[in-house]
Amino acid sequence: MRYTKAVIVSLLTIALIWALNRSWGSVPAFAPLLSPFVGFWQNAESVNNADEEITLNGTKAPVTVIFDDLAIPHVFAQNDADAYFAQGYLTARDRLWQMEFQTHAAAGRVSELVGDKALELDRYNRHLGMGFGAEKSLKELMKDSRTREQVESYTAGINAYIKQLSPAHYPLEYKLLGYAPEPWQPIKCAYFLKYMSGVLALGADDLNMSNVLKKYGTVVTSDLFPDYPFREDPIIPAGTKWDFAPVKIPDVPANPFPDTKPLAMNWPEHDPAIGSNNWAVGPQKSATGYPILANDPHLTLSLPSIWYQIQLVTPTMNVYGASMPGSPGVIIGFNKQIAWGVTNVGADVLDFYQIRFKDASRREYWHDNRWKPITRRLEVIKVKGRADVIDTVLYTHHGPIMYEVGQKPFAKNVPVGYAARWIAHEASNDFLTYYLLDRAKNHDDYRKALSYYGAPAQNFVFADVAKDIAISPNGRFPLKWKDQGKFLLDGTNPAHDWQGWIPAAHNPHVKNPPRSFVSSANQSSTDPAYPYYINWQFGSYERGARINQRLTAMQGATPDSLRVLQNDNRNLRAADALPVLLPYMQEKILSGEQTKALAIIKTWRYNNDVAEVAPTIFTEWMRQYMEGVWQDDFPSNDTTTLRYPSFDRTLQLVEKEPTAHWFDNLTTPTQETIGSVLTKSFQSTIDSLTRKHGPIGDSWQWGKHKATRIGHLARLDALSALNVQIGGGAGIVNATTERTGPSWRMVVALGPTPKAYGVYPGGQSGNPGSPYYLNMLETWRTGQLNELLFLQTPQDKNSRLKRKVTLK
Amino acid sequence: MIELILIAILSLLAQLFLPWWSLAIVAFSICFWRSQRAGGAFLQGFVGVGVVWLGYALLVHTQTDGIFIGRMSELLFKTNTNVLPLLVVTLLSGLVGGLAGLSGFLVKKATAN
């Protein structure tokens with residue numbers, strides 16, 4: 001008896017310990033996570049203002065790091081290598097999990113961490129050639145001694161941090177997901193670049209456009225999907241003279257469209273809210289007589305914060321700005337002489353080629369009247385809790401074949417059986433551009449830095465202390481015939497290949513234009529007079545036009561005038577559309593609640609402020625109205641996917657051809673008009689909003705309806721900022737939508753010493769247990785900026801400087 | 001009482017260097033060595049170990065502003081409270097400590113002469 005009891009209780013104890021010490025599916029190992037000795041308690045941090053000396057044995061000379069009250073590091077190093085080593089070390093200290101996770105994602109390695117639920121995502125990234133592109137980029141950046149030293153020092157700094165890290169101090173996410181950090185490698189920096197190209201340069205409507213073309217032919221297609229919008233205010237001011245003689249552009253081939261079969265794919269998840277604003281006002285417009293520059297890049301807002309502020313001071317540079325964890329140097333920032341910022345261009349740099357194989361073995365494909373060999377790349381995907389998955393990706397000279405016939409595609413806009421030609425597969429040393437910008441002194445240095453840049457193409461805005469301002473939609477642009485890649489391309493015909501590049505010096509650019517400001521907000525790069533083709537569609541015009549409106553009127557500008565403009569909530573789309581649309585409303589048939597809603601719209605001042613009800617109604621109404629006009633004409637189904645014409649084209653139709661047959665719904669026997677579509681969509685909008693929010697009242701307010709969410713990268717609500725109350729929206733200068741928005745706001749006033757301001761929604765630390773995880777959110781939400789402390793020496797005095805750390 | 005204090009001190013020291021389950025070895029050994037009754041052994045293990053986890057957790061909680069503990073409560077237990085994580089920490093470690101202590105006592109009885 002006593003034996004039995006002893007054995008049973010002992011076994012029970014051991015079983016309990018075993019069960020608590022392992023993870024169960026997505027439930028983490030409970031005891032190590034909850035233990036105050038090694039678990040999440042160890043991630044709780046408090047404000048620490050004590051000076052510190054850290055011995056790492058990785059620097060050539062001691063590095064002094066001054067931390068300010070927002071925990072932003074100001075790095076003083078005696079040489080460049082030490083500065084990048086310190087940047088790697090400090091970034092890892094604050095953001096290790098984030099930088100590793102993002103590069104794992106780009107490399108198609110998420111299954112390693114979370115099991116086979118991420119297998120399709122990993123396959124997608126591998127078929128996209130992320131590894132193929134990263135390897136080429138790495139080779140290129142290792143060829144240049146400057147970027148080589150930069151990336152190698154940064155890598156060594158990250159590894160110096162990982163090496164002294166005990167499991168109790170692993171970032172929280174490692175404890176939750178149950179894995180350990182691995183050493184950093186230079187290729188991970190290249191993977192990070194590919195990750196950003198994936199976010200910013202993967203837009204492609206080629207498949208849906210081909211399906212539209214097949215259904216309606218060229219006349220209707222070019223009428224409804226024009227190459228230049230009805231309303232536009234391009235980045236390079238219309239009428240700017242080009243200072244170059246264009247090179248020869250390839251002729252449009254005799255047969256520009258391959259005979260495509262209708263393909264099964266759903267509507268592409270193109271997010272028009274991912275864009276950005278930047279501008280610079282010239283000396284004539286500023287209060288001090290020196291230029292002022294502003295930038296706010298819009299991305300899917302996430303935590304840990306997308307950006308990491310840092311100041312780097314060495315004998316060759318003194319630069320301050322926003323860096324990205326995983327990439328050395330500063331991406332958006334300023335130094336004593338210049339300031340710069342970026343917005344996305346949205347160039348057509350991803351095309352799809354229909355591939356004809358010789359036979360089922362798929363070892364050769366037809367191109368230029370002969371059979372050419374396919375190369376195969378083996379992708380080994382490690383899967384947590386399962387055997388490795390080996391995936392063979394076929395490569396043509398165009399690029400990888402994304403998905404073969406019969407395979408199920410992961411991303412909706414990728415056609416099956418087509419090779420992807422993508423700019424991110426090209427070798428380019430994009431880090432060199434930022435390396436040179438961090439040290440640039442004038443406009444010539446800026447132009448030179450830009451000439452090395454590949455992808456993702458950006459509108460680089462520039463201002464300097466010599467009172468020059470400039471902007472350039474810049475990147476490596478393939479030299480194409482007009483509309484090459486608007487539709488799917490023929491992979492057998494060499495005339496359809498990319499044939500060289502637009503010379504870097506011919507990229508659109510303008511310096512000191514007569515209007516005395518430059519700006520961009522993802523709209524068309526140029527007016528139609530630009531000799532080369534960059535894309536047939538860009539971000540919609542509203543943000544850019546509103547910015548230009550305000551800047552045109554602005555005199556005696558200060559950093560605060562630009563800050564106010566960054567927070568501008570004017571809804572230009574509503575201001576354009578409502579006066580045109582409202583006269584068509586059939587008001588007599590509206591119900592009481594619907595009439596009340598219409599009255600709100602009619603008295604609206606077109607502002608997307610947080611407490612307004614009208615933006616809620618307008619946004620949902622326009623979505624339903626677009627469906628009402630186009631769904632019958634461009635229906636997507638299981639075998640064919642189409643896309644709708646733009647809002648701009650639709651509004652133009654109302655203004656110029658209000659009786660167009662497109663307003664009639666083909667699926668009903670009655671004859672619909674613009675008025676009936678508008679009224680019906682309005683009624684259904686009010687009904688669906690009432691179902692969601694109850695009778696019209698406070699719950700309909702824009703801030704509450706929009707409920708902006710800044711989600712943690714691992715999709716954990718408890719570590720996210722939910723229901724952030726802020727105005728703005730898609731197409732608004734303050735471009736804060738449900739999920740996306742200004743991920744960094746910066747204003748820099750040039751002068752004898754630059755004065756700069758900035759903020760992002762989050763904080764310096766990626767640790768949810770740190771007081772610096774979300775401490776900047778409220779400043780961001782209320783549209784304020786923090787002054788960015790631009791130090792000259794480690795001995796500078798400022799009451800906001802809190803702490804000195806020496807790295808040895 | 002002396003068993004309880006010994007378990008608390010030794011399990012604290014052990015966990016500074018060894019995995020969390022070293023607390024079970026400490027409770028087992030002390031109760032094997034000294035405990036007189038089954039109920040006493042369980043209690044000594046439970047309280048000796050639980051007090052250390054609770055105490056350390058409380059220390060962390062008071063040194064930081066507590067927002068993080070609320071977030072973790074939200075994450076693990078779907079409710080934002082500071083009490084629940086502290087309670088679960090105490091009960092979980094106490095249960096393992098108590099069972100280990102009881103095992104120690106029972107094994108001694110089973111193997112005695």
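This is a short chat about cavities, one annotated residue and one helix in a predicted model.

Student: Before we start, what kind of model is this, and how are residues and chains labelled?

Tutor: The model is predicted, with local features needing pLDDT of at least 70 and side-chain atom pairs counting only at pLDDT 80 or more, while totals for chains, interfaces and linings use all residues. Residues are numbered from 1 along each chain as its sequence is written, chains are lettered from A and ligands numbered from 1 in the order in which they are written, and side-chain values use heavy atoms, with hydrogens and water left out.

Student: OK, how many cavities of 30 Å³ or more are there?

Tutor: There are three, where a cavity is a set of points on a 1 Å grid over the protein atoms alone at which a 1.4 Å probe fits but cannot get out, and lining residues have an atom within 4 Å of a point.

Student: What surrounds the largest one?

Tutor: The largest cavity holds about 230 Å³ of space, and 22 residues line it, with M196(A), L200(A), M324(A), I331(A) and Y434(A) lying nearest its centre. Helix α9(A) gives the largest share of that lining, four residues.

Student: And the second largest, how big is that?

Tutor: Its volume is about 50 Å³, and among the residues lining the second largest cavity are L200(A), N344(A), I423(A) and R476(A).

Student: Switching topic, which residue does UniProt list for "active site"?

Tutor: The unreviewed UniProt entry lists S276(A), although such annotations may be inferred rather than shown by experiment. S276(A) is in strand β4 (residues 276–281) of chain A, strands here being DSSP runs of E with at least two residues and helices runs of H or I with at least four.

Student: Is S276(A) buried or exposed?

Tutor: S276(A) counts as buried because its relative accessibility is 5%, and buried means under 20% relative accessible area with a 1.4 Å probe and protein chains only. Leaving out residues up to four places away in sequence, S276(A) touches residues including D296(A), H298(A), N344(A), S520(A) and R543(A), contact meaning heavy atoms within 4.5 Å.

Student: Last one, what do the buried residues of α2(B) pack against?

Tutor: They pack against α1 (2–20) of chain A, and within chain B against α1 (2–17), α3 (38–63) and α5 (83–111). The buried residues of α2(B) are S22(B), L23(B), A24(B), V26(B), A27(B), I30(B) and C31(B).

How values were computed: Buried < 20%, exposed > 50% of the residue type's maximum accessible area, 1.4 Å probe, protein only. 1 Å grid on protein atoms, 1.4 Å probe; cavity = no way out; pocket = protein on both sides within 12 Å on 5 of 7 lines; lining within 4 Å. Points joined across faces, edges and corners; volume = space filled by probe spheres on them.
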